[in-house]
Amino acid sequence: MTIRLYDTSARQIRDFAPLTPGCVSIYLCGATVQAAPHIGHIRSGLNFDIMRRWFAYRGYDVTFIRNVTDIDDKIIKKAAEQNRPWWSIGYENERAFNDAYTALGCLPPTYEPRATGHITEMVEMMRGLIERGHAYEAEGNVYFDVRSLPGYLSLSNQDLDELRQPSGEGETGKRDPRDFAMWKAVKPGEPSWETPWGRGRPGWHLECSAMAHKYLGTEFDIHGGGIDLIFPHHENEIAQAEGFGDAFARYWVHNAWVTMSGEKMSKSLGNSVLVSEMVKKWRPVVLRYYLGTPHYRSTIEYSEESLREAEAAYARIEGFVQRVTELAGTVEPAAEVPPAFAEAMDDDLGVPQALAVVHTTVRQGNSALAADDKEAAVARLAEVRAMLGVLGLDPQAPHWAGEAEQGEDLHDVVDSLVRLVLDQREAARARKDWSTADAIRDQLKESGLAIEDSPQGPRWSLGSR
């Protein structure tokens, strides 16, 4: 058994060899909390939640760090626009992110450090970089000298002579326009902290290098994030860490975007879909299925039709789970997932191929039910639950079972009403009035209900929208 991952730095899929046998350490760039999360933000958390679950299934002890950037230019700008303290903007949106992660079934990180809680570590890193000749102070700012590190830009594979480094307002005193800010001198009305070079606040890139060093040490296994972070953020993280003397990340794993009309989903473009609004229209487990089941390196083009397809696909799985449970009672997940599922997951987290195994197993289970083969149906459900558990989609897991219980009262009311209509349909079938029976079924379908005739009588479920 060898897990293989696409390593951005190597530009190829590599066998995963942990730094410490039996353990895996992961650092994921988390939220910059200037606004509430849209589904593009949460996709990254979902992808790495599945990665984490798979490593745990394979027997690894996982340390998973997901940071919070609670101070940056955008947060300060929002605070000024809304005439609010910068920290209230950050805290409000940090809670919104955590609510979204929780709603979609993400496991909590081992640690979730905030940038503003690690100013001391940032100062220590800057001091070390200045002493080693990789950084310098100018007019209260501290910059990284990109020409001092020969391997700079190896992750993004750019030519330094062609580089156009993004630069922020007030970044004065640079020796080279391509140098980037690690610390920004204080400006009137902005938050600041004391340092040996004067008051100021951290630059975005420094935060992650310092926090990864604190929680994972000088070297760790996997650094993750969206593909938009490769440059400048991850490239500059590497520069700071390696200049400080750290080996840093052994593997770089990046997830693709969620797009709308071919463009990256973004608040600035006005094309984002907030998680808080989506969960009012769609069950959170359906959103998880929609965002988590494409391959993490493939782009998801947002559409209502795709969500309806995800809803219908998950309903087929739920229907099978429900039917076997009604027949045999609660069935515990199998100790092991089917070999084809494991093979797909080991191969760069091939969730689409693994999900195909889930649906094949569901079809086999339904065939066993149709043949009154209870033993085979139960065995297939055990396998399905094991696979869904890895993907965070098991409808009988406590998280999603709670979701079902929330709608239990309403379900009972609807069930009583639907039963009245189904009784009329059964009466029509008994007198061989097939046209009336079919008309009732079609009317229920138009109302969003799917009707299935079973040996135990007709049953209904929510169909696709």
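Mentor: Two strands pair if DSSP finds at least two bridges between them. The model discussed here is predicted.

Trainee: In which sense do strand β11 and β13 pair?

Mentor: Strand β11 covers residues 258-260, and two bridges link this strand to β13. Pairing requires at least two bridges, so two bridges satisfy the criterion. The sense of the pairing of β11 with β13 is parallel.

Trainee: Which residue is the bridge partner of Thr259 in β13?

Mentor: Strand β13 spans residues 300-301. Within β13, the bridge partner of Thr259 is Glu301.

Trainee: Which are the edge strands of the open sheet?

Mentor: The open sheet is formed by three strands with mixed pairing, in the order β12-β11-β13. An edge strand here pairs on one side only, as do residues 263-264 and residues 300-301. The edge strands are therefore β12 and β13.

Trainee: Is α4 roughly parallel or roughly perpendicular to α6?

Mentor: Two packed helices are described by the angle between their axes and the distance between the axes. For helix α4 (residues 119-131) and helix α6 (residues 230-244), the axes come within 9 Å and cross at roughly 70°. Angles of 65 to 115 degrees count as roughly perpendicular. Because of that crossing angle, α4 is, relative to α6, roughly perpendicular.

Trainee: How do the residues of the contact of α4 with α6 divide into nonpolar, polar and charged?

Mentor: Helix α4 passes α6 in a left-handed crossing. The contact is made by Glu124, Met125, Gly128 and Leu129 on the α4 side, and by Gln240, Gly243 and Phe244 on the α6 side. By class, these residues are three nonpolar, three polar and one charged.

Trainee: Where α4 meets α5, how do the contact residues divide into nonpolar, polar and charged?

Mentor: The axes of α4 and helix α5 (residues 204-216) come within 9 Å and cross at roughly 100°, which means that α4 is roughly perpendicular to α5. From α4, Glu121, Met122, Met125 and Met126 meet Leu206, Glu207, Ser209, Ala210, His213 and Lys214 of α5. The contact residues divide into five nonpolar, two polar and three charged.

Trainee: Why are Asp49 and Arg53 separated by about one helical turn?

Mentor: The side chains of Asp49 and Arg53 meet in a salt bridge, with an N to O distance of 2.8 Å. Both residues lie in helix α1 (residues 39-57), and the separation of about one helical turn arises because Asp49 and Arg53 are four residues apart.

Trainee: How many salt bridges does a search of the whole structure find?

Mentor: A salt bridge requires a nitrogen-to-oxygen distance within 4 Å, and the Asp49 and Arg53 pair has 2.8 Å. For the whole structure, the number of salt bridges found is 33.

Conventions: Residues numbered from 1 in each chain as written. Predicted model: local features only at pLDDT ≥ 70, side-chain atom pairs only at ≥ 80, totals over all residues. Heavy atoms only, no water. Axes fitted to C-alpha atoms, helices over the stretch in contact; angles between N-to-C directions. Parallel < 35°, antiparallel > 145°, perpendicular 65-115°, else oblique. Left-handed = near helix turned anticlockwise from the far one by under 90°. Contact = heavy atoms within 4.5 Å. Nonpolar A, V, L, I, M, F, W, Y, C, P; charged D, E, K, R; others polar.
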